[in-house]
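Work through the exercises below with the structure open beside you, trying each task before reading its solution.

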Amino acid sequence: MLMIICNVFIGWKWRLTSKLSRGEDLMDRTMKNKTAILLFLLPACILFIGIIVVPIIMSAYYSLLDWDGITASTFVGFKNYAEIFTKKSIGFPGAVKNAFLLAGLSVFIQLPISLGLALTLAKGVKGEKLYTAIFFIPVIISTTVIGQLWLKIYNPNYGIVNMALRAVGLDSWAATWLGDEKTALFAVFIPILWQYVGYHMLLMYTGIKSQPEELREAAMIDGANDWQIARYLTIPLLKPVLQVCAIFAITGSLKAFDLIYVLTNGGPAHASEVPATIMIKQLFGRNNYGVGSAIAVFIVFICFFFAILIKKAFRTEVDK
Amino acid sequence: MSRLHGIKGFRGTGKITFGGAVTTVILVLWSVVQIFPLYWMLTFSLKENSEIFGSNVIGLPHNWIWSNYTTALQSGNMFRYLLNSAIVTGATIAITVVAATAATYALTRMVWRGRKTVNSLFMLGITIPINAVILPVFLILSKLHITNYWALIIPYSAFALSMAILISASFMQGIPKELEEAACLDGCNIYGIFWRIILPLMRPALATLSIFIFLQAWNELMYAVIFISDSKYRTITVGIQNLSGSFTTDWGPIGAALVVATFPVLLIYAFFSSKIQESLVAGAIKG
Amino acid sequence: MKTGIKLKRLLSALLVAAMLVSVSACAGTTATTDTTIKADTAATTTKATTDAATAETTASTQPITLTMWSIATESDSFNPAYTKAIADYEVAHPNVKIVHETFENESYKTKIKSAVAANELPDIFYTWGGGFSRSFVESGKVFAIDDFYTDEYKAQLSTAALGNATYDGKLYGVTYTTPISLLYYNKAMFDKLGLAAPTTFDELKAVCQKFLDNGITPFGISVKDTWVTAMCHDALTLKSVGPTALKDVLTKAGGSYNSADFLNADTKFMELVDMGAFIEGATGLSNDEASAMFYDGTVPMYITGSWMGGSIMTDAANPTDFDVAPIPVLNSATAKITDFMGGAADTLMVAESSPNKEAAAQAVFELSKSISMYAYLSGSGIPAWKVDYDDSTVNAITAKEAELAGNATSFTLWFDTLMEADDAGEYLANLQELYVGNMTPQEFDEAMAAQLEG
């Protein structure tokens with residue numbers, strides 16, 4: 001089955017690229033070298049089709065079933081999709097709202113912090129290399145550790161947050177951060193946003209450092225200060241990287257799972273629920289393979305939608 | 001360049017010094033916040049449960065339980081698991097980097113119909129919550145009788161592809177077309193251009209990419225648990241998770257195992273980030 | 001540049017050190033493990049030879065390897081029992097080699113389901129009886145082992161104990177332990193206030209009030225790990241509804257959740273919640289964190305499964321302070337103090353796809369019996385198989401647990417294992433809503449009835 005798909009795909013590409021009109025110059029011909037194109041794309045395509053495309057199609061099919069993953073299944077059409085939006089006890093609409101909230105915070109708070117740090121470090125401060133190394137550390141540390149750490153930080157009795165509040169006399173502000181429906185969501189967001197600041201920062205930093213130094217020197221000679229250089233030169237040139245960061249930030253937020261699972265698992269009472277936690281519960285906890293797959297397909301769709309949207313939004317700058 | 005005309009001149013040195021001090025304070029504070037998890041992991045790896053859970057959460061251990069390290073390393077085969085993780089992750093990085101850079105080059109620089117569509121299709125890879133497709137992927141791999149390391153290397157590479165292509169594309173866009181044209185006129189064929197011009201200029205990107213792929217593959221858990229049953233091939237994340245008891249957990253040894261598992265990551269990061277620095281310092285793009 | 005080099009040098013040195021430590025640790029281990037196994041094997045050789053003599057003589061002499069999956073990881077309290085049981089079996093059956101792979105509890109649930117779905121099961125695998133494995137059996141992937149349940153085994157392990165491994169009248173698995181839910185309490189703290197273990201709900205409430213009056217929160221609990229809350233809630237419901245009626249409702253065999261005795265249990269449960277009997281912040285605490293508060297004497301009571309007995313010995317500062325009692329009765333017309341939540345959930349099954357399923361089926365019974373014995377002796381669990389060996393070395397709490405289980409009049413499997421996965425998931429989600437006050441007891445009962453009957 002896999003072989004057939006591969007062959008069809010390859011054949012299609014072959015046909016498209018086999019025509020080479022006469023009046024083209026050497027460069028064009030080199031860039032249209034069909035064998036090379038095929039060769040370059042082949043490994044990626046095989047992996048991609050086998051592990052990404054086919055499973056997505058399979059999941060889409062599963063989403064139309066009433067199935068426990070193991071015994072026989074019944075075809076139910078779009079019932080699962082209707083169910084996730086109508087059945088209150090699943091808590092899906094609220095979870096989607098939470099995911100979008102996280103995505104928004106990620107883009108408007110996390111990315112600017114990463115950008116600010118990247119700009120400051122790339123400009124050249126003392127200890128630049130040390131700082132870049134340190135700022136990346138939370139990304140390296142496994143989510144288990146980050147999760148357990150924040151569980152201790154938020155602990156109502158001995159956690160740093162409450163202890164600090166009590167120390168300055170703000171006893172009434174001390175709360176069960178992860179256990180209170182009102183605070184659980186934001187309590188969970190903070191570690192997520194914090195952990196990946198270094199990730200985006202590294203991308204931006206490398207991007208800035210790759211920009212030609214001459215441009216910056218020219219601007220400084222012209223009399224521009226740091227802020228103006230950043231605003232009119234560095235950031236515009238950084239647009240491709242910023243686009244990538246935005247895509248990662250948004251899709252990452254919509255798919256977020258690991259930390260939330262460790263900290264609250266979506267609780268208490270769905271307060272910090274996100275689509276991925278519901279999906280895992282349905283798939284593996286409650287053996288509702290159809291419903292779980294429907295959620296997965298939904299996540300794929302909205303992530304894809306936003307990824308394309310961002311690409312288009314940035315495209316006018318990038319295509320020259 | 002026209003935007004830079006008419007911009008006011010430099011402020012005096014006074015402002016920069018003040019700005020510099022504020023900057024340093026912010027950077028140092030942020031460093032403390034960032035390094036705290038590492039410190040915490042190191043300290044709780046030397047404590048026992050009672051200290052971790054109440055009496056002494058943040059401070060240095062009162063009782064230095066070095067035996068946590070021996071417990072962690074003796075249980076199962078931690079060293080073997082580290083090796084397995086290294087093999088799986090190393091192969092994933094190698095395959096992904098090769099496949100992704102080649103594909104990115106074909107997608108962004110070469111000319112053919114349908115390339116924008118395929119480019120968009122590759123974005124599908126980052127939209128999938130990977131735990132959702134565990135069963136289909138497992139079914140595919142089991143039908144193809146793929147076991148041992150490849151059962152992890154293949155999915156990991158596939159999932160890293162989209163991210164790798166995105167990152168490579170954003171860096172490749174910064175490479176001027178003139179360089180390729182010059183090489184072309186010099187008589188290079190397409191493979192030569194790719195190998196001699198593009199790849200060397202991508203070094204900072206490749207190093208960054210390697211770090212990201214490394215992190216994704218090294219810390220992955222669900223696939224590692226489900227796809228690998230023979231403890232000969234088990235990876236370190238599964239090994240650490242096995243230190244959790246069914247109903248009660250001794251967190252000290254887990255911390256110890258985590259410290260041991262994090263060291264290679266820190267080393268790899270140190271290695272690659274210095275490579276990034278070197279290639280950036282050397283001047284990524286020569287005029 | 002200098003900092004970079006220093007950092008790298010330091011990290012490299014530490015890594016080398018870590019490697020040296022691990023290599024020497026590994027080298028040391030193999031020696032110790034070998035001697036431990038030899039010592040144990042010597043001690044049990046007498047028993048092994050007797051067993052071998054009465055063991056089935058139809059065992060083929062072809063060398064075979066059986067792969068077994070379980071959740072008895074090295075840090076699990078059952079691991080030594082498994083290891084010894086396997087060693088005994090290999091001595092008694094020299095042609096059989098058992099490869100034992102272990103996995104962590106939570107992720108194992110996903111792993112085993114995926115393995116069943118993809119038909120990648122090992123010869124023998126651990127699973128949970130009741131609703132959890134129903135779909136495995138229905139899919140035909142499990143080998144029925146009625147033929148191997150000989151009369152000799154029947155005398156040592158009753159059919160009743162195998163109830164949760166029996167589906168549609170056929171036997172699909174063997175068990176080795178029967179954990180039960182119990183009320184663990186800090187006897188020292190009780191004595192200080194002149195209190196005794198409560199046997200009725202009113203007594204329980206009085207005990208709670210006394211502690212509260214003295215500024216102590218009575219119960220430790222975790223709502224984040226909702227199964228802990230379920231432990232408490234299940235037990236109170238059992239003691240209000242009674243075992244037969246409860247089982248019927250949960251397995252959809254008759255009756256409704258929306259009825260008087262259930263409402264009584266839920267109302268009383270919420271009385272405890274509302275009076276502040278449970279630790280504050282339970283919604284944000286994991287089981288580890290909540291239990292820690294019990295072990296260090298912050299809270300005097302904890303309702304959970306009998307595995308806590310073993311943990312008290314290792315994790316509590318003063319193990320002798322602790323004692324264990326049955327859950328108080330809410331409705332003496334329907335339930336007795338000797339009715340218990342729990343029973344045999346830990347099950348070993350044989351895969352239908354195994355090339356050596358007969359050998360595997362023989363093995364699971366023997367292994368089960370040995371695990372039952374060794375686990376009891378080490379205080380890890382209550383034995384399911386008959387105890388006809390010297391058990392004087394068992395610690396006090398485990399011995400008491402075994403005694404209580406031995407005199408039980410009924411066992412009801414915990415809700416989240418007894419019910420089908422989807423119902424169980426709905427139950428746990430609703431329980432959280434009930435605890436935090438988003439649902440009234442009446443609404444909870446109606447929701448549960450809707451789920452079970454819908």
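The model shown here is predicted, and the exercises move from the chain contacts to single residue pairs.

**Exercise 1. Describe how chain B and chain A meet, giving the residues, the area and the kinds of pairs across the contact.**

Solution. Begin with the residues that take part: chain B brings 96 residues to the contact, and chain A brings 100 residues. Next comes the area, for the two chains bury about 9,200 Å² between them, and 80% of this lies on carbon and sulfur atoms. Then look for charged pairs, where the count between chain B and chain A is 0 salt bridges. Polar contacts are present, however, with 6 residue pairs between these chains, both residues being at pLDDT 80 or more. Finally, ask which element of chain B gives the most to the side that touches chain A: this is helix 1 (residues 13-44) of chain B, with 14 residues.

**Exercise 2. Describe the contact between chain C and chain A in the like order, and name the helix that supplies the largest share of the side of chain C.**

Solution. The contact takes 26 residues from chain C and 31 residues from chain A. The area buried between chain C and chain A is about 2,300 Å², and carbon and sulfur atoms give 52% of it. Across this interface there are 3 salt bridges, and 11 residue pairs, both at pLDDT 80 or more, are in polar contact. Helix 3 (105-118), helix 4 (134-138), helix 11 (287-295) and helix 16 of chain C each supply at least two residues of the side that touches chain A. The largest share of that side, 7 residues, comes from helix 16 of chain C.

**Exercise 3. Characterise chain C as a whole through its secondary structure, burial, contacts and surface.**

Solution. Counting the elements gives 17 helices and 13 strands for chain C. Chain C has 454 residues, of which 57% count as buried. Turning to contacts between residues at least 6 apart in the sequence of chain C, one finds that 76% join residues at least 24 apart. The accessible surface of chain C comes to about 17,500 Å², with 55% of it belonging to carbon and sulfur atoms.

**Exercise 4. Locate the salt bridges of C:Asp423 and C:Glu152, and decide for each partner whether the residue is buried or partly exposed.**

Solution. Side chains of opposite charge can pair when their charged atoms come close. C:Asp423 pairs with C:Lys252 in a salt bridge whose closest N and O atoms are 2.8 Å apart. This pair links distant parts of the chain, since C:Asp423 lies in helix 16 (residues 421-436) of chain C and C:Lys252 lies in the loop between helix 9 (243-250) and helix 10 (260-274), 171 residues apart. To judge burial, recall that buried means under 20% relative accessible area; C:Asp423, at 3% relative accessibility, therefore counts as buried, whereas C:Lys252, at 40%, counts as partly exposed.

C:Glu152 forms a salt bridge with C:Lys369, and their closest N and O atoms are 3.8 Å apart. Here too distant parts of the chain are linked: C:Glu152 is in helix 5 (residues 151-156) of chain C, while C:Lys369 is in helix 13 (residues 357-377) of chain C, with their positions 217 residues apart. C:Glu152 has 37% relative accessibility and so counts as partly exposed, but C:Lys369 has 11% and so counts as buried.

**Exercise 5. Which residues are joined with A:Arg286 into one network by salt bridges that share partners?**

Solution. Start from a single pair: the side chains of A:Arg286 and C:Glu426 meet in a salt bridge, at 2.7 Å from N to O. Salt bridges that share partners join A:Arg286, C:Asp422 and C:Glu426 into one network. Over all chains, the count comes to 19 salt bridges.

**Exercise 6. Find the nonpolar surface patch that includes A:Ile113, and state how accessible this residue is.**

Solution. The patch on the surface is formed by A:Phe108, A:Ile109 and A:Ile113, which together have about 310 Å² of accessible area. A:Ile113 has its place in helix 5 (residues 92-124) of chain A. With a relative accessibility of 35%, A:Ile113 counts as partly exposed.

Technical notes:
Residues are numbered from 1 along each chain as its sequence is written. Chains are lettered from A and ligands numbered from 1 in the order in which they are written. This is a predicted model: local features need pLDDT of at least 70, side-chain atom pairs count only at pLDDT 80 or more; totals for chains, interfaces and linings use all residues. Side-chain values use heavy atoms; hydrogens and water are left out. Patches are made of residues with over 30% relative accessible area and no salt bridge: like charges are joined within 9 Å, nonpolar side chains (Val, Leu, Ile, Met, Phe, Trp, Tyr) within 5 Å. Accessible areas come from the Shrake-Rupley method with a 1.4 Å probe; for residues, only the protein chains shown count as cover. A salt bridge is a side-chain nitrogen of Lys or Arg within 4 Å of a carboxyl oxygen of Asp or Glu. Helices (H or I, at least four residues) and strands (E, at least two) are DSSP runs, numbered from the N terminus. Buried means under 20% relative accessible area, exposed over 50%, partly exposed in between (1.4 Å probe, protein chains only). Contact means heavy atoms within 4.5 Å. Buried area is the accessible area (1.4 Å probe) that two parts lose on being put together, summed over both. A polar contact is a pair of N or O atoms within 3.5 Å; within protein, one must be able to donate a hydrogen and the other to accept it, and residues adjacent in sequence count only if both atoms are side-chain atoms.
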